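I opened my notebook to look up charge pairs, nonpolar cores and cysteines in this structure. Here is the page, tidied a little for a fellow reader.

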Amino acid sequence: MSQLNINALPNEILYRIFQKLLPQDLKTAVLVCRSWRVIGEDPRLWAWAVVTIYSNDFDKLTVKRFELLKEVNVTCTGFWHNHVDCHWTEYGMNELFKVIHEIPSVRRLVVTKCKKLVSSVVPDLLVSVLNRLDELCVGWGGIGGEQLSVIIKTLVNRESRLKRLTLLEQDDSDVLWLPDGLPPSPPPPRRVAFYNQ
């Protein structure tokens, strides 16, 4: 009986094997050799991945394997006992949203520990990303009144597929304005969740 070298298997068979691997094993398999990496870079194999972006390192979202990514988490580099060491810039947050906009498969975006920086995203860019999301979760006071008004207006007008909006730990000093000039709401509670049917 002759032995079969695994590299002699057709790429389609290797791909099927890679589909069965656990995430950690897939991460290891793409490091074995160049031919396995080429097969393992197929975006369909990585659709399960959740990529966490720290402080302007969003270039990893442009890697081929993440073309079908469904979830992105954005956070700051450090967090210790209510002290956030955030290195995001307004420019960086806008650039991140541009990159996310270029990945049509992203359905869930979680932004935490980025104090006020989502509030720096250009409202039109924010809406264009929202139009494709199913869920947006923003925490630690990361969203401002203007952006929240745009989000609510988009939801009220049913211009977005957004089904779930969760706001966590919003700053009590924010005054949230609702669309069409309605009076300001009271200071936001520590957790707000909107669900759109």
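The entries below follow the order in which I looked things up.

**Entry 1: what I am looking at.** I note at the start that this is a predicted model.

**Entry 2: salt bridges.** How many salt bridges does the structure hold? I found 10. I then went through some of the pairs.

- I looked at arginine 44 and found its side chain in a salt bridge with that of aspartate 42, at 2.6 Å from N to O. Arginine 44 counts as exposed, because its relative accessibility is 53% and the cut-off for exposed is over 50%. Aspartate 42 counts as buried at 15%.
- Next I took lysine 60, which pairs with aspartate 57; their closest N and O atoms are 3.4 Å apart. Here I have lysine 60 as partly exposed at 27% relative accessible area, and aspartate 57 as partly exposed too, at 22%.
- Then came arginine 108 and glutamate 71, whose side chains meet in a salt bridge at 2.5 Å, N to O. Which strands does this pair tie together? Arginine 108 sits in strand E5 (residues 108-111) and glutamate 71 in strand E2 (residues 71-75), so the salt bridge joins parts that lie 37 residues apart in sequence. I logged arginine 108 as partly exposed at 28% and glutamate 71 as buried at 17%.

I also wrote down that Glu71 and Arg108 belong to a network of salt bridges that includes Glu135 and Arg164. As a reminder to myself, side chains of opposite charge can pair when their charged atoms come close.

**Entry 3: the nonpolar cores.** The largest nonpolar core has 37 residues. Leu61, Val72, Leu96, Leu109, Leu136 and Ile151 are the ones with the most contacts inside it. Which elements give two or more residues to this core? My list reads strand E1 (50-54), E2, helix H4 (90-101), E5, helix H5 (123-130), strand E6 (135-139), helix H6 (145-156) and strand E7 (164-168). H4 gives the most, with five residues.

I picked valine 72 for a contact list, leaving out residues up to four places away in sequence. Valine 72 touches Val51, Ile53, Leu61, Ile100, Val106, Arg108, Leu109 and Val110. I was pleased to meet Arg108 again here, since I already had it down as the salt-bridge partner of glutamate 71.

Another core, of 10 residues, lies apart from the largest one; Leu14, Leu26, Trp36 and Trp46 are among its members.

**Entry 4: a surface patch.** Which residues form a nonpolar patch on the surface? I found Ile13, Ile17 and Leu21, which together have about 210 Å² of accessible area. Isoleucine 13 has its place in helix H1 (residues 11-20), and counts as partly exposed at 40% relative accessibility.

**Entry 5: cysteines.** I looked for disulfides and the count came back as zero. I checked the cover of two cysteines all the same. Cysteine 33 is partly exposed at 27%, whereas cysteine 137 is buried at 9%.

**Entry 6: one last distance.** Threonine 28 is in helix H2 (residues 23-29) and is partly exposed, with 43% relative accessible area. How far apart in space are threonine 28 and glycine 40, and what separates them in sequence? I noted 9.9 Å from C-alpha to C-alpha, with the two 12 residues apart along the chain.

Technical notes:
Residues numbered from 1 in each chain as written. Predicted model: local features only at pLDDT ≥ 70, side-chain atom pairs only at ≥ 80, totals over all residues. Heavy atoms only, no water. Salt bridge = Lys/Arg side-chain N within 4 Å of Asp/Glu carboxyl O. Buried < 20%, exposed > 50% of the residue type's maximum accessible area, 1.4 Å probe, protein only. Helix = DSSP H or I, 4+ residues; strand = E, 2+ residues; numbered from the N terminus. Core = buried A, V, L, I, M, F, W, Y, C linked by side-chain atoms within 4.5 Å. Contact = heavy atoms within 4.5 Å. Patch = residues over 30% accessible without salt bridge, like charges linked within 9 Å, V, L, I, M, F, W, Y side chains within 5 Å. Areas by Shrake-Rupley, 256 points an atom, 1.4 Å probe, with all protein chains shown as cover. Disulfide = S-S within 2.5 Å.
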